Amino acid sequence: MRRRRRRHHSEGHNVWRAYSDMMAGLLLLFVLVMCISFMEAQKNYREKLSEQAAHQQTQTQLQKELSERESEINAQQAALDEQSALLASQQAALDEQSALVASQQADLDEKSALLAEQQTELEEQKALVASSQSDLQEKETLIASQQKELDEKNTQMAAQQAALDEQESLLADQQQKIEQIIGVKADLIADLKSQFDEHNLNVVIDEASGAIALDSNVLFAYNESELTEEGIAMLGEILPVYCKVLMDPQYEDYLAELSIDGYTDTSGDYIYNLELSQARALAVASYLFQDADSFLTDDELTSLKEKLTSNGHSMSNPVYSDGEINMDASRRVEVRFRLKDEEMINELKDVLAETTTAQSETSSEAQTEG
């Protein structure tokens, strides 16, 4: 822009210089012509007075030509003035455009700087996005791994829950059977009491176990293991009723054992008392089998043989009255039954133990995972 401006300025200067040179030339020419004319006229005035008219005419003609030339010069000057005004106007427009271009260039530079700054910010944001994307991928990988572990643990939990449900179902079945057996035991004890009452037998039945205690002082003489006549009569009244109720079809399937247990008082030698208690229990059991076919069927008798036991306990488990051992009451023979509830209870304990262990392991795993 500066070169163009200098060029325009130089062109304008050259125009004025040419114009001035031309005017100076014309003026010099005019002066020379005037001088020549004046000298020629003076010379000719002296020498050629006769040619004055001709010279005057020539001068007039030259004056006319000079006037024409001045007119042309004036016309050219007017044209030059017009061109100068046009050039000045164009120069002003050019200056205005130059100022506009400079302003636009400044705006462009400012926008370029802003664009460069935005480009830098964009690069930083791209780097941040790339870093965030990498972190996101790592988190997604971690989440996928955790989800896989969670699915595996859910599968394990489902399997454990299924096992627990199965154990709970088994436990419920066992509990139902035990409740049924407990109900059977209560019904059996109630039926025994009812049958003893119907036969007018004054027999005390243990409400919890269903056991009856037979007084050894009635069954046997002191330190003897042979049944007395009174003892045989008592057994003949009590044992048939007791065994008949136990061998009833509604109770027989639940009966696990019928035991006859002999006990002595705490006096004397333990081994002697053990042999005595065993002999007395065996004597009662022997009498029962001798007379059992009179009130039991063959199947009931076979079942009784499978379930009957006799045991001697010596001086263990004495009977206390007012905090002291009752020697007479301690000498006794007990007839008791055991239903299959003990086996069921043992199985239930095993199930409960397994369930408790499984729940503990599940709880421990849950706490460890948490």
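**Exercise 1. Classify Asn-200 by its accessibility, then describe its backbone and its place in the chain.**

Step 1. Asn-200 is exposed, with a relative accessible area of 69%. The classes are buried for under 20% relative accessible area, exposed for over 50%, and partly exposed in between (1.4 Å probe, protein chains only).

Step 2. The model is predicted: local features need pLDDT of at least 70, side-chain atom pairs count only at pLDDT 80 or more, and totals for chains, interfaces and linings use all residues. Residues are numbered from 1 along each chain as its sequence is written, and side-chain values use heavy atoms, with hydrogens and water left out.

Step 3. Asn-200 belongs to the loop between α2 and β1. Helices (H or I, at least four residues) and strands (E, at least two) are DSSP runs, numbered from the N terminus.

Step 4. The phi of Asn-200 is positive, about 55 degrees, although the residue is not a glycine. Most residues other than glycine have a negative phi.

**Exercise 2. Carry out the same description for Asn-223.**

Step 1. Asn-223 is not a glycine, yet its phi is positive at about 60 degrees.

Step 2. The loop between α3 and α4 holds Asn-223.

Step 3. Its relative accessibility is 35%, so Asn-223 counts as partly exposed.

**Exercise 3. Find the aromatic pair in the structure and state its geometry.**

Step 1. Searching the whole structure gives one aromatic pair. Rings of Phe, Tyr and Trp (its six-membered ring) pair if their centres lie within 6.5 Å; planes under 30 degrees apart count as stacked, over 60 as edge-to-face and the rest as tilted.

Step 2. The partners are Tyr-242 and Phe-337, with ring centres 6.5 Å apart and planes at 50 degrees, so the pair is tilted.

Step 3. Tyr-242 is in helix α4 (residues 229–246) and Phe-337 in strand β6 (residues 332–339), so the pair ties together parts that are 95 residues apart in sequence.

Step 4. Tyr-242 counts as buried at 0% relative accessibility, and Phe-337 counts as buried at 6%.

**Exercise 4. Place Phe-337 in the largest nonpolar core.**

Step 1. This core has 44 residues, of which Phe-196 and Phe-337 touch the most other members. A nonpolar core is a set of buried Ala, Val, Leu, Ile, Met, Phe, Trp, Tyr and Cys residues joined through side-chain atoms within 4.5 Å.

Step 2. Elements giving two or more residues to the core include α2 (52–198), β2 (255–263), α6 (270–291) and β6. Helix α4 gives the most, with nine residues.

Step 3. Leaving aside neighbours within four places in sequence, the contacts of Phe-337 include Leu-188, Leu-192, Tyr-242, Leu-246 and Leu-258. Contact means heavy atoms within 4.5 Å.

**Exercise 5. Sort the residues of α7 into buried and exposed, and say what the buried ones pack against.**

Step 1. The buried residues of α7 are Glu-300, Leu-301, Ser-303, Leu-304 and Lys-307. They lie on the same side of α7, because they cover an arc of only 160 degrees around the axis. The arc is that of the directions from the helix axis to the C-beta atoms.

Step 2. Exposed Asp-298, Asp-299, Lys-305 and Glu-306 are carried on the face turned away from the buried side of α7.

Step 3. The buried residues of α7 pack against α4, α5, β2, α6 and β3 (308–312).

Step 4. In helix α5 (residues 249–252), Glu-252 makes a side-chain polar contact with the side chain of Ser-303 at 2.4 Å. A polar contact is a pair of N or O atoms within 3.5 Å; within protein, one must be able to donate a hydrogen and the other to accept it, and residues adjacent in sequence count only if both atoms are side-chain atoms. Glu-252 also touches Lys-307.

**Exercise 6. Trace the surroundings of Ser-330 and Ile-325.**

Step 1. Ser-330 lies in helix α8 (residues 327–330) and counts as buried at 0% relative accessibility.

Step 2. The side chain of Ser-330 reaches the backbone oxygen of Asn-326 at 2.8 Å. Among its contacts beyond four places in sequence are Tyr-263, Pro-318 and Ile-325.

Step 3. Ile-325 is in strand β5 (residues 324–325) and is partly exposed at 33% relative accessibility.

Step 4. Ile-325 touches Thr-266; these two are 59 residues apart in sequence and 8.3 Å apart in space, C-alpha to C-alpha.
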